[in-house]
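Please walk through the model below with the sequence at hand, moving from one residue to its surroundings and then to the whole chain.

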Amino acid sequence: MTLHANHVSFYEILGVSKDAERDSIKTAYHRLLLTNHPDKSNPNANTYSIPVIQQAYRTLINDDERIAYDKQLHDYYIKLGLVDSMGIDTDGIDHFDLSEFVEDGERFVHDCPRCQCHEGFQVGEQDLENGVFENNKDNEEDEHGTYRILLQCSSCSLWLCVDYSIQ
């Protein structure tokens with residue numbers, strides 16, 4: 001299970017951050033159990049049932065299950081376009097190097113990381129000639145530098161920034 005019915009993560013259910021330590025998770029869990037207990041009439045109670053709170057706790061307290069859950073949650077957010085697939089919070093656009101594309105005749109192709117469309121991204125020689133030059137910040141004298149081009153998936157709305165250099 002990736003998210004609760006209202007698109008709420010286990011972290012949100014327990015009210016902890018994604019990098020919360022075990023002690024914080026345990027404290028949040030016990031607090032929620034007390035405030036949500038059926039025998040208590042608490043107007044400040046969370047809207048989640050005890051079984052949902054327990055499932056969130058069991059998943060986040062177990063290291064292996066938490067790692068698997070985080071991966072599943074990350075993949076879900078990528079498909080929604082909320083984070084980039086490289087795991088780097090940059091400008092919201094995934095950055096790829098042209099070397100990550102497969103050369104197919106006179107074009108380079110890559111499957112879409114969001115919708116999984118086969119060869120959703122295609123770059124031809126004409127596209128590469130229209131790339132924008134980005135000067136290499138580490139070596140101002142490098143006349144080759146890096147070029148950059150933006151591409152949109154042929155199937156979904158995902159955009160990629162593709163970096164490449166001309167030798």
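**From a surface patch to the interior**

E125 has a relative accessible area of 46% and is therefore classed as partly exposed, since that class covers values between the 20% limit for buried and the 50% limit for exposed. The model in which this holds is a predicted one. E125 belongs to helix α5, which comprises residues 125-129, and on the surface E125 gathers with E103, E106 and E129 in a patch of negative charge.

A second partly exposed residue is found in helix α4, which covers residues 63-80: D75, with a relative accessible area of 30%, also falls in the partly exposed class. Although 39 residues of sequence separate D75 from R114, their C-alpha atoms lie 8.3 Å apart in space.

Strand β3, made up of residues 107-110, offers a view of the interior. V109 is placed in this strand and counts as buried because its relative accessibility is 5%, where the limit for that class is under 20%. When neighbours within four places in sequence are set aside, the contacts of V109 are F101, V102, D104, E119, F121 and Q122. The C-alpha atom of V109 is also 8.9 Å from that of G124, a residue 15 places away along the chain.

H110 lies in strand β3 as well, and with a relative accessible area of 18% it is buried, because buried is defined as under 20%. Once residues up to four places away in sequence are left out, H110 touches F96, E100, F101, E119, G120 and F121. F101, E119 and F121 thus appear among the partners listed for H110 and among those listed for V109.

How are these elements arranged along the chain as a whole? From the N terminus on, the order is α-α-α-α-β-β-β-β-α-β-β-β, and the protein contains 5 helices and 7 strands. Of its 167 residues, 35% count as buried, while the accessible surface of the protein comes to about 10700 Å², with carbon and sulfur atoms contributing 48% of that area. If one considers contacts in the protein between residues at least 6 apart in sequence, 45% of them join residues at least 24 apart.

Conventions: Residues are numbered from 1 along each chain as its sequence is written. This is a predicted model: local features need pLDDT of at least 70, side-chain atom pairs count only at pLDDT 80 or more; totals for chains, interfaces and linings use all residues. Side-chain values use heavy atoms; hydrogens and water are left out. Patches are made of residues with over 30% relative accessible area and no salt bridge: like charges are joined within 9 Å, nonpolar side chains (Val, Leu, Ile, Met, Phe, Trp, Tyr) within 5 Å. Accessible areas come from the Shrake-Rupley method with a 1.4 Å probe; for residues, only the protein chains shown count as cover. A salt bridge is a side-chain nitrogen of Lys or Arg within 4 Å of a carboxyl oxygen of Asp or Glu. Lys and Arg count as positive and Asp and Glu as negative; His and the chain ends are not counted. The place of a charge is taken as NZ of Lys, CZ of Arg, CG of Asp or CD of Glu. Helices (H or I, at least four residues) and strands (E, at least two) are DSSP runs, numbered from the N terminus. Buried means under 20% relative accessible area, exposed over 50%, partly exposed in between (1.4 Å probe, protein chains only). Contact means heavy atoms within 4.5 Å.
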